[in-house]
Amino acid sequence: LEEAIQELKETDFKDVFREELDKKKTFIRDVHVDADVEMHIPDEYVSAIQERLSLYTAMDKIETEEELGKFGEQLRDRFGKLPSQVRELFDGLRLRWVAKELGFERIILKDNKLRAYFVENPQSPYYDSALFQKVFQHIGSHGERQGLSLKKTPRSLMFAKDGVKSLKAARDVLEGIKKAI
(Lines give C-alpha, C1' and ligand atoms only; values in the text may rest on other atoms or scores of the structure.)
Protein backbone atom coordinates (compact mmCIF):
# COMPACT_ATOMS: atom_id res chain seq x y z
CA LEU A 1 0.00 0.00 0.00
CA GLU A 2 2.81 2.42 0.88
CA GLU A 3 4.44 1.75 -2.49
CA ALA A 4 1.16 2.52 -4.29
CA ILE A 5 0.75 5.78 -2.37
CA GLN A 6 4.35 6.76 -3.15
CA GLU A 7 3.81 6.00 -6.84
CA LEU A 8 0.68 8.21 -6.90
CA LYS A 9 2.68 11.00 -5.22
CA GLU A 10 5.38 10.69 -7.89
CA THR A 11 3.00 10.52 -10.85
CA ASP A 12 -0.60 11.77 -10.67
CA PHE A 13 -0.12 14.11 -7.69
CA LYS A 14 3.49 15.17 -8.20
CA ASP A 15 2.63 18.89 -8.23
CA VAL A 16 0.85 18.63 -4.87
CA PHE A 17 3.72 16.69 -3.30
CA ARG A 18 6.59 18.48 -5.11
CA GLU A 19 8.24 19.79 -1.95
CA GLU A 20 8.08 16.42 -0.17
CA LEU A 21 9.46 14.64 -3.24
CA ASP A 22 12.25 17.21 -3.62
CA LYS A 23 13.34 16.55 -0.05
CA LYS A 24 13.57 12.80 -0.67
CA LYS A 25 15.04 13.01 -4.14
CA THR A 26 18.75 12.72 -4.56
CA PHE A 27 19.87 14.52 -7.68
CA ILE A 28 23.51 13.55 -7.32
CA ARG A 29 24.87 10.02 -7.28
CA ASP A 30 28.42 10.93 -6.41
CA VAL A 31 30.39 14.04 -5.61
CA HIS A 32 33.92 14.45 -6.87
CA VAL A 33 36.18 16.31 -4.43
CA ASP A 34 39.45 17.66 -5.77
CA ALA A 35 41.65 19.32 -3.17
CA ASP A 36 45.27 20.22 -2.71
CA VAL A 37 45.46 18.29 0.56
CA GLU A 38 46.48 14.68 0.97
CA MET A 39 43.37 12.52 1.35
CA HIS A 40 44.28 8.85 1.34
CA ILE A 41 45.27 5.85 3.40
CA PRO A 42 49.09 5.97 3.41
CA ASP A 43 51.09 2.85 2.48
CA GLU A 44 52.95 3.06 5.78
CA TYR A 45 49.64 3.01 7.69
CA VAL A 46 48.10 0.04 5.80
CA SER A 47 50.79 -1.70 3.80
CA ALA A 48 48.69 -4.31 1.94
CA ILE A 49 47.20 -2.90 -1.28
CA GLN A 50 44.22 -5.26 -1.16
CA GLU A 51 43.47 -4.20 2.42
CA ARG A 52 43.58 -0.50 1.48
CA LEU A 53 41.23 -1.11 -1.46
CA SER A 54 38.87 -2.97 0.84
CA LEU A 55 38.95 -0.06 3.32
CA TYR A 56 38.24 2.48 0.55
CA THR A 57 35.29 0.35 -0.62
CA ALA A 58 33.93 0.14 2.92
CA MET A 59 34.43 3.87 3.42
CA ASP A 60 32.54 4.68 0.23
CA LYS A 61 29.44 3.01 1.72
CA ILE A 62 29.50 5.12 4.90
CA GLU A 63 26.64 7.61 5.02
CA THR A 64 26.49 8.95 8.57
CA GLU A 65 28.77 10.51 11.15
CA GLU A 66 28.03 7.59 13.49
CA GLU A 67 29.15 5.04 10.88
CA LEU A 68 32.27 7.10 10.19
CA GLY A 69 33.09 7.22 13.91
CA LYS A 70 32.82 3.44 14.15
CA PHE A 71 34.97 3.04 11.05
CA GLY A 72 37.61 5.35 12.52
CA GLU A 73 37.61 3.36 15.76
CA GLN A 74 38.09 0.13 13.83
CA LEU A 75 41.05 1.66 11.97
CA ARG A 76 42.60 2.84 15.25
CA ASP A 77 42.12 -0.59 16.81
CA ARG A 78 43.72 -2.41 13.87
CA PHE A 79 46.39 0.02 12.65
CA GLY A 80 46.97 2.61 15.37
CA LYS A 81 46.52 6.38 15.51
CA LEU A 82 44.90 7.89 12.40
CA PRO A 83 47.40 9.78 10.24
CA SER A 84 46.51 13.28 9.04
CA GLN A 85 45.83 11.99 5.50
CA VAL A 86 43.10 9.68 6.82
CA ARG A 87 41.57 12.47 8.92
CA GLU A 88 41.54 14.63 5.76
CA LEU A 89 39.91 11.74 3.89
CA PHE A 90 37.19 11.69 6.55
CA ASP A 91 36.70 15.47 6.16
CA GLY A 92 36.46 14.95 2.40
CA LEU A 93 33.77 12.34 2.95
CA ARG A 94 31.82 14.71 5.21
CA LEU A 95 32.13 17.43 2.57
CA ARG A 96 30.78 15.03 -0.06
CA TRP A 97 27.71 14.32 2.08
CA VAL A 98 26.64 17.94 2.42
CA ALA A 99 27.54 18.73 -1.20
CA LYS A 100 25.32 15.87 -2.35
CA GLU A 101 22.45 17.11 -0.18
CA LEU A 102 22.68 20.57 -1.75
CA GLY A 103 23.07 19.39 -5.35
CA PHE A 104 26.76 20.02 -6.01
CA GLU A 105 28.42 17.30 -8.05
CA ARG A 106 31.97 18.61 -7.95
CA ILE A 107 33.93 20.45 -5.29
CA ILE A 108 37.34 21.94 -5.94
CA LEU A 109 39.42 23.34 -3.09
CA LYS A 110 42.78 24.57 -4.32
CA ASP A 111 44.91 27.56 -3.37
CA ASN A 112 42.39 28.43 -0.62
CA LYS A 113 39.63 28.84 -3.23
CA LEU A 114 36.42 26.85 -2.97
CA ARG A 115 34.51 26.10 -6.16
CA ALA A 116 31.22 24.18 -5.90
CA TYR A 117 29.69 23.05 -9.18
CA PHE A 118 25.97 22.47 -9.57
CA VAL A 119 24.67 19.54 -11.65
CA GLU A 120 26.30 19.74 -15.07
CA ASN A 121 23.27 18.52 -17.05
CA PRO A 122 21.07 21.58 -17.69
CA GLN A 123 18.09 19.25 -18.30
CA SER A 124 18.37 17.72 -14.83
CA PRO A 125 15.18 17.82 -12.73
CA TYR A 126 17.40 19.38 -10.06
CA TYR A 127 17.00 22.77 -11.76
CA ASP A 128 13.20 22.53 -11.39
CA SER A 129 13.43 21.56 -7.73
CA ALA A 130 12.62 23.69 -4.72
CA LEU A 131 16.08 22.81 -3.40
CA PHE A 132 17.87 24.47 -6.32
CA GLN A 133 15.63 27.52 -6.06
CA LYS A 134 16.44 27.91 -2.36
CA VAL A 135 20.19 27.42 -2.80
CA PHE A 136 20.31 29.76 -5.80
CA GLN A 137 18.24 32.44 -4.04
CA HIS A 138 20.35 32.22 -0.90
CA ILE A 139 23.62 32.61 -2.79
CA GLY A 140 22.12 35.37 -4.93
CA SER A 141 20.76 37.41 -2.05
CA HIS A 142 23.23 36.68 0.79
CA GLY A 143 26.27 35.51 -1.12
CA GLU A 144 28.03 38.84 -1.51
CA ARG A 145 27.93 39.44 2.23
CA GLN A 146 29.34 35.92 2.81
CA GLY A 147 31.97 36.18 0.08
CA LEU A 148 30.12 33.81 -2.27
CA SER A 149 29.81 34.55 -5.94
CA LEU A 150 27.83 32.74 -8.62
CA LYS A 151 29.64 32.06 -11.87
CA LYS A 152 28.58 30.53 -15.15
CA THR A 153 31.11 28.49 -17.06
CA PRO A 154 30.48 27.15 -20.57
CA ARG A 155 29.55 23.76 -19.10
CA SER A 156 28.08 24.50 -15.69
CA LEU A 157 26.93 26.84 -12.96
CA MET A 158 29.03 27.17 -9.83
CA PHE A 159 29.67 29.28 -6.80
CA ALA A 160 33.05 30.37 -5.58
CA LYS A 161 34.48 31.55 -2.27
CA ASP A 162 38.03 32.64 -1.59
CA GLY A 163 39.89 32.21 1.68
CA VAL A 164 38.72 28.65 2.36
CA LYS A 165 41.75 26.91 3.82
CA SER A 166 40.60 23.37 4.64
CA LEU A 167 38.08 20.69 3.80
CA LYS A 168 36.45 21.32 7.16
CA ALA A 169 36.14 25.04 6.34
CA ALA A 170 34.64 24.13 2.94
CA ARG A 171 32.11 21.89 4.69
CA ASP A 172 31.29 24.73 7.09
CA VAL A 173 30.50 26.99 4.11
CA LEU A 174 28.12 24.39 2.66
CA GLU A 175 26.60 23.66 6.08
CA GLY A 176 25.95 27.39 6.44
CA ILE A 177 24.02 27.40 3.16
CA LYS A 178 22.13 24.27 4.19
CA LYS A 179 21.07 25.80 7.52
CA ALA A 180 20.04 29.06 5.87
CA ILE A 181 17.72 27.39 3.40
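Reader: How many residues does the largest nonpolar core have, and which have the most contacts inside it?

Author: The general idea comes first. In soluble globular proteins, nonpolar side chains tend to be buried together. In this predicted model, the largest nonpolar core has 31 residues. Those with the most contacts inside it are Phe104, Ile107, Phe118, Phe159 and Leu174.

Reader: Which elements each supply at least two residues of this core?

Author: Strands and helices both do. The strands are S1 (32–35), S2, S3 and S5 (157–162). The helices are H5 (84–102), H6 (130–146) and H7 (167–180). H7 gives the most, with 5 residues.

Reader: What about a second, separate core?

Author: There is one, of 15 residues. Tyr45, Phe71, Leu82 and Leu93 are among them.

Reader: Back to Ile107. What does Ile107 touch, not counting residues up to four places away in sequence?

Author: Read such a list by position along the chain. Ile107 touches Val31, His32, Val33 and Asp34. Its list also includes Leu95 and Ala99. Then come Leu114, Arg115 and Ala116, and finally Leu174.

Reader: Now Tyr117. Is Tyr117 buried or exposed?

Author: Compare its relative accessibility with the cut-off. Buried means under 20%. Tyr117 is at 12%, so it counts as buried. Tyr117 is found in strand S3.

Reader: Which residues does Tyr117 touch, leaving out those up to four places away in sequence?

Author: Gly103, Phe104, Glu105, Arg106 and Ile108 are on its list. So are Ser156, Leu157 and Met158. Look at C-alpha separation too. Tyr117 and Lys151 are 34 residues apart along the chain, and their C-alpha atoms are separated by 9.4 Å.

Reader: Where is Gln137, and is Gln137 buried or exposed?

Author: Gln137 sits in helix H6. Exposed means over 50%. The relative accessible area of Gln137 is 52%, so Gln137 is exposed. For a distance across the sequence, take Gln137 and Ile181. They are 44 residues apart along the chain, with C-alpha atoms separated by 9.0 Å.

Reader: Turn to backbone angles. What is phi of Asp111?

Author: Check the sign, then the residue type. Phi of Asp111 is near 50°, a positive value in a residue other than glycine. Asp111 lies in the loop between strand S2 (104–110) and strand S3 (113–118).

Reader: And what is phi of Asn112?

Author: About 60°, positive, and Asn112 is not a glycine. Asn112 also lies in the loop between S2 and S3.

Reader: How do Asp111 and Asn112 count by relative accessibility?

Author: Asp111 is at 62%, so it counts as exposed. Asn112 is at 36%, so it counts as partly exposed.

Key:
Residues numbered from 1 in each chain as written. Predicted model: local features only at pLDDT ≥ 70, side-chain atom pairs only at ≥ 80, totals over all residues. Heavy atoms only, no water. Helix = DSSP H or I, 4+ residues; strand = E, 2+ residues; numbered from the N terminus. Buried < 20%, exposed > 50% of the residue type's maximum accessible area, 1.4 Å probe, protein only. Core = buried A, V, L, I, M, F, W, Y, C linked by side-chain atoms within 4.5 Å. Contact = heavy atoms within 4.5 Å.
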